[in-house]
Amino acid sequence: MEFDWDWIARNTDSLGEHALVHLRLALLPVLFGLLIALPVGVLCRRWGWLYPPALTIANVFYAIPSLALFMIFIQYTGLTASTVMIPLTLYSLSVLVPNVVDGLASVSDPVRQAATAMGFGPLRRLLRVELPIAVPIVIAGTRVAAVSSISLVAVGQLIGQGGLGYDIIRGYQLSFPTQIIAATVLIVLLALVTDAILVTVQRLLTPWARVRGKVS
Amino acid sequence: MITFEGVTKRYPGGTVALDDVSLDCPTGRITVFVGTSGGGKTTALRTINRMVEPTSGRVLIDGQDVREHKPAELRRGIGYVIQHAGLFPHRTIEDNIATVPYLLRWNKKKARARAHELMERVGLERSMARRYPFQLSGGQQQRVGVARALAADPPIMLMDEPFSAVDPVVRAELQDEFLRLQDELHKTIVFVTHDVDEAIKLGDRIAVFQTGGKLVQVDSPETLLARPADDFVAGFIGHDRGIRRLSFIPASSAPLSERDVLPADAPVERARDAAGGWVLVVDADRRPLGWAAAAGLPASGVVGDASLAPIGHTFDVAGDSVRAALDAAILSPSGRAVGVDAEGRLAGVADQQDLSTAIARAGADPRPAEAAEDGG
Ligand SMILES: Nc1ncnc2c1ncn2[C@@H]1O[C@H](COP(=O)(O)OP(=O)(O)OP(=O)(O)O)[C@@H](O)[C@H]1O
Ligand SMILES: [Mg+2]
């Protein structure tokens, strides 16, 4: 069996389209995950007793097979993108919530006390001091969540929302490995590029953390 | 003035961190809190800017209860420096320093200009303005911490062991600069330290705290060393408090002599019968050149030709203490300390006997704490 470059040339457009859909389906859930994890993480830092149950809930979601979650959500959202994205959002929480909490915990006591002593109120301290200092750790978690989401979303094809997952299943049905290989390589590339972009974003946002990394 | 009126702090769990503390911290002066670890010094400091609320009693600033202000607003008017500086790692040095001006909504240009002015004040190179805190040494970070606390020119500064995390040389430097700065700024400062020497060097008044949050004595450093209120304070300031007290006896109280002092162009014959075996050689301007050993003089010529032993260090007759003079005497090859005036010219020589005379005179102070022991 040979790799069919002609097929690739003829299907560049549709592969590109699937790749874009794939990215959207994979990354929107990570964004939603962040929007949920930030306040949840802040609350867990504020009231420590919240953290263990919150983490358990996030981990329980992660333990449920994606197929089962799809089946649950199909009843409410049908065969739509939401049915794929909601489980992925829930999955991302198991990485993002602990990362937000760890990020906030990385603010040292003297820094927190200095901020208070200088007249930052609690909200201003959170927004101007604690969250900015948490950024490197939060982005580290976002990288993990984004990469795993890009690989997981292929399963969405089971309900007809798969992006490049479509090409993998189609290639299997037609016994046409070229399509499977092309889609797989593209998924890996998407993951690598997304990761590189996040690393760059982190360096631009936190020059103070980048140089430290180089020194040590 | 900062006034503590019967301030007690009991933490949940029962720890009494402050036990009915009453105390004045005078305006424009440095009040130092010392005492055992866990004695409540930090807690006391934090009741001033409301980071700790007393269980009972009150804290007043110029007669006004601190609780009349909102905490955040109160704090913007009180500088705060802590042990590990607590600089914001994500902000440049200039923005760290300008923190409170930004909070007070100064415009950015004015705030930065103020930051640069302060960097100069505390001895930081302007080139560091755009660096991040981790790119600075501990001593430099501490200077930034001081500059940041001074940024909005608050009348009050609270300093919690600000210099204890740096090595002794840098610490001494920071202390000297701190005193120089205070001479210009006259802030009302409350300064916490573990280090008795630091307390004595910096404090106008020293408050000694004991475990359980009890304030046992508040006095000038001099009085504290001469008359510790009880055994705890005496023990805390150490067995060498006698030596430390010498810092408060002016060197000018020691008798000075001109014995065995010769100009460099004096003939060697005049040096041969020096009583102590050493002659201090001075130049035409009376600046000390060195010690000549009578035994090692050349056969003829002038004393300036002899090989001279270095003086070690001299003491300033007007500004130094007997402690510095005694140190100079001990380190001098002749055992005699060389006193100089502000221009570095010889004022006279004091041997250890002369210094003992000065100490004995100062020691004639009444010392009630010990007198009471004698009487009992
Ligand atoms: N937030 C808190 N909750 C409960 N107990 C506390 C709290 N802060 C301080 N304490 C207790 O209060 C007492 C006084 O503490 P404080 O920090 O004021 O002492 P300190 O004199 O500053 O000690 P050190 O010299 O070690 O810094 C200690 O026994 C301490 O354990
Ligand atoms: Mg303390």
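What follows is a chat between a trainee and a mentor about a predicted model with chains A and B and ligand 1.

Trainee: Hi! Before I start, what are the ground rules for this model?

Mentor: This is a predicted model, where local features need pLDDT of at least 70 and side-chain atom pairs count only at pLDDT 80 or more, while totals for chains, interfaces and linings use all residues. Residues are numbered from 1 along each chain as its sequence is written, chains are lettered from A and ligands numbered from 1 in the order in which they are written, and side-chain values use heavy atoms, with hydrogens and water left out.

Trainee: Okay, chain A. How many helices and strands does it have?

Mentor: Chain A has 10 helices and zero strands. Helices (H or I, at least four residues) and strands (E, at least two) are DSSP runs, numbered from the N terminus. The C-alpha trace of chain A spans about 70 × 45 × 25 Å along its principal axes.

Trainee: And how much of chain A is buried?

Mentor: Of its 216 residues, 43% count as buried. Buried means under 20% relative accessible area, exposed over 50%, and partly exposed in between, with a 1.4 Å probe and protein chains only.

Trainee: Which helix of chain A has a bend, and where?

Mentor: That's H5(A), which bends by about 40 degrees at A:Leu93. The bend is the angle between axes fitted to the seven residues ending at a residue and the seven starting there. Helix H5 of chain A covers residues 81–105, 25 residues in total, and reaches 35 Å from its first C-alpha to its last, close to the 36 Å expected at 1.5 Å a residue. The expected span is 1.5 Å times one less than the number of residues.

Trainee: Why is H5(A) described as largely enclosed?

Mentor: Because 21 of the 25 residues of H5(A) are buried, the rest of the structure largely encloses this helix.

Trainee: What does UniProt say about chain A?

Mentor: An unreviewed UniProt entry places "domain: ABC transmembrane type-1" at residues 19–198 of chain A. Over that stretch, the model is 83% helix and 0% strand, with the end C-alpha atoms 18 Å apart. The unreviewed UniProt entry also places "transmembrane region" at residues 20–43, 55–76, 129–160 and 180–201. UniProt positions are given in the numbering used here, feature names are shortened, and annotations may be inferred rather than shown by experiment.

Trainee: How helical are residues 20–43 and 129–160 of chain A?

Mentor: Residues 20–43 are 100% helix, with end C-alpha atoms 35 Å apart. Residues 129–160 are 75% helix, and their end C-alpha atoms lie 44 Å apart.

Trainee: I clicked on A:Leu192. Is that one buried or exposed?

Mentor: A:Leu192 is exposed, at a relative accessible area of 55%. This leucine lies in helix H9 of chain A, residues 177–205.

Trainee: Switching to chain B: what is it made of?

Mentor: Chain B has 14 helices and 16 strands, and 49% of its 376 residues count as buried. Its C-alpha trace spans about 80 × 65 × 30 Å along the principal axes. An unreviewed UniProt entry places "domain: ABC transporter" at residues 2–237 of chain B; that span is 38% helix and 25% strand.

Trainee: Now the ligand! Which residues come nearest to ligand 1?

Mentor: Of the 13 residues around ligand 1, B:Ser37, B:Gly38, B:Lys41, B:Thr42 and B:Thr43 come nearest. Here a residue is near a molecule if one of its heavy atoms lies within 4 Å of it. Helix H1 of chain B, residues 41–48, gives the largest share of that shell, with three residues.

Trainee: What polar side-chain atoms lie by ligand 1?

Mentor: B:His194 has one at 2.9 Å from a ligand oxygen, B:Tyr11 has one at 3.4 Å from a ligand nitrogen, and an N or O atom in the side chain of B:Thr43 is 2.5 Å from a ligand oxygen. The protein covers 60% of the 630 Å² of accessible area that ligand 1 has on its own; the areas come from the Shrake-Rupley method with a 1.4 Å probe.

Trainee: Last one: where does B:Tyr132 sit?

Mentor: B:Tyr132 is in the loop between helix H5 (108–121) and helix H6 (138–150) of chain B. At 15% relative accessibility, B:Tyr132 counts as buried. B:Tyr132 and B:Asp95 are 37 residues apart in sequence and 9.6 Å apart in space, C-alpha to C-alpha.

Terms used: A polar contact is a pair of N or O atoms within 3.5 Å; within protein, one must be able to donate a hydrogen and the other to accept it, and residues adjacent in sequence count only if both atoms are side-chain atoms.
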